[in-house]
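Subject: A structure for you to look at

Hello,

Here is the structure I promised to pass on. Please open it first and keep it beside you while you read the rest of this message.

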Amino acid sequence: MRIAVAGATGNIGAHTVAALERAGHDVVRISRSLGVDLSTGEGLDAALAGVEALVDTTSHETADRDEAVAHFGTTTRNLLAAEERAAVRHHVLLSIVGLHRVEGNAHYAGKREQERLVTEGPVPWTIVAATQFHDFAATVTHWTERDGVATIPPLLVQPIAPADVGEVLAEIAVGAPQGRYRDVAGPEPQDLVDMARRTHDARGHAVKLVPTWSSVLGVEMAGDVLLPGEGARIAPTTFDEWLAQQQ
């Protein structure tokens, strides 16, 4: 099949491209750095010529709720319109477990708008909600680290390896649209503070971690909010196995 991956140069996008190519598919990489701008639609029609399915792995970092909603809204509308013109048969969207249980997070608000547009849009779809990735703890500390000190919320998560997410997305893209797919998660729950400590130790990065809810992610994410629901698909790679590759 000829399959497009939006956000192809990002973390999950690159893994999805690799999984599709290993399976013998013709992959069209969509990224601003490769000449396709989802914010304006520039280059989209040419990129989607002959494409049968598209996987959207794009992301956008901002603490501004309105900006997040506007960004995801614009890029998703442009994608869906171009897909409709190109007669793309399947739109696969990577989303987040717990998305509809967290109100105050700007990124989540943007992703909810993205989901709304996909579910109401003209292209048959599958939405795949995944838990946080194994490298999420390091990402959070990168956001907050100042002078060797980083604040980090004591979240309970069930992290998944980015490569495993790519495999799932690639598998779903070649099949028929399924609507809302079951949650996808890693094999075991983890404490985010402990994940951060162990990741930085493995990478040889010295940073003092300060567990607090007065950080970038709030107490509304506490407890089991970010854990997968019943019947979740459990990916194979443990955090320990991923961590061993960081050393």
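Below is what was found in it, starting with the whole chain and going on to single residues.

**The chain as a whole**

Please keep in mind that this is a predicted model. The chain has eight helices and 12 strands. Its radius of gyration is 18 Å, close to the 18 Å that the globule rule gives for 247 residues, so the chain is as compact as a globular protein of that length. Along the principal axes, the C-alpha atoms fill a box of roughly 50 × 40 × 35 Å.

Of the 247 residues, 53% are buried. If you look at contacts with a separation of 6 or more, 81% of them join residues 24 or more positions apart. The surface that the chain exposes comes to about 10700 Å², and carbon and sulfur atoms supply 50% of it. As for charge, there are 20 positive and 33 negative side chains, and the centres of the two sets lie 1 Å apart.

**Histidine 90 and its partners**

A good place to begin is histidine 90, which belongs to strand 4 (residues 90-96). Histidine 90 has a relative accessible area of 3%, under the 20% limit, and therefore counts as buried. What does its side chain meet there? One polar contact, at 2.7 Å, is with the side chain of threonine 126. In addition, a polar atom of the histidine 90 side chain lies 3.0 Å from the backbone oxygen of glycine 175. Histidine 90 and glycine 175 are 85 residues apart in sequence, yet their C-alpha atoms are 8.5 Å apart in space.

Threonine 126 comes up again with glutamine 178, which sits in the loop between helix 6 (162-173) and strand 8 (179-180). Not counting residues up to four places away in sequence, glutamine 178 touches Trp125, Thr126 and Ile172. Glutamine 178 is partly exposed, with a relative accessible area of 45%. Its C-alpha atom is separated by 9.6 Å from that of valine 128, a residue 50 positions away along the chain.

**Threonine 57**

Next, please find threonine 57 in the loop between strand 3 (53-56) and helix 3 (65-86). Is this loop residue buried or exposed? Its relative accessibility is 11%, so threonine 57 counts as buried. The threonine 57 side chain reaches two backbone oxygens: that of alanine 6 at 2.8 Å, and that of glycine 7 at 3.3 Å. Leaving aside neighbours within four places in sequence, the residues in contact with threonine 57 are Val5, Ala6, Gly7, Ile12, Gly13, Thr16 and Leu169.

**Helix 5**

Helix 5 (residues 136-144) has several buried residues: Phe136, Ala137, Ala138, Val140, Thr141 and Thr144. What covers them? The cover includes strand 6 (149-152), helix 7 (192-203) and strand 11 (208-211).

**Two residues with positive phi**

Most residues other than glycine have a negative phi. Here are two that have a positive value.

- Aspartate 147 has a phi near 55 degrees. You will find aspartate 147 in the loop between helix 5 and strand 6, and at 83% relative accessibility it counts as exposed.
- Alanine 87 has a phi near 60 degrees. Alanine 87 is in the loop between helix 3 and strand 4, and at 56% relative accessibility it counts as exposed.

**Around the end of helix 1**

Lastly, two residues for you to find on the surface. Arginine 22 lies in helix 1 and is exposed, with a relative accessible area of 58%. From arginine 22 to leucine 226, which is 204 residues away along the chain, the C-alpha separation is 31 Å. Glycine 24 is in the loop between helix 1 (11-22) and strand 2 (26-30). Glycine 24 is exposed as well, with a relative accessible area of 61%. The C-alpha atoms of glycine 24 and histidine 91 are separated by 20 Å, and these residues are 67 apart along the chain.

I hope you enjoy looking through it.

Best wishes

Conventions:
Residues numbered from 1 in each chain as written. Predicted model: local features only at pLDDT ≥ 70, side-chain atom pairs only at ≥ 80, totals over all residues. Heavy atoms only, no water. Helix = DSSP H or I, 4+ residues; strand = E, 2+ residues; numbered from the N terminus. Rg over C-alpha atoms; globule rule 2.2 N^0.38 Å. Buried < 20%, exposed > 50% of the residue type's maximum accessible area, 1.4 Å probe, protein only. Contact = heavy atoms within 4.5 Å. Areas by Shrake-Rupley, 256 points an atom, 1.4 Å probe, with all protein chains shown as cover. Lys, Arg positive; Asp, Glu negative; His and termini not counted. Charge placed at Lys NZ, Arg CZ, Asp CG, Glu CD. Polar contact = N/O pair within 3.5 Å; in protein donor to acceptor, adjacent residues only side chain to side chain.
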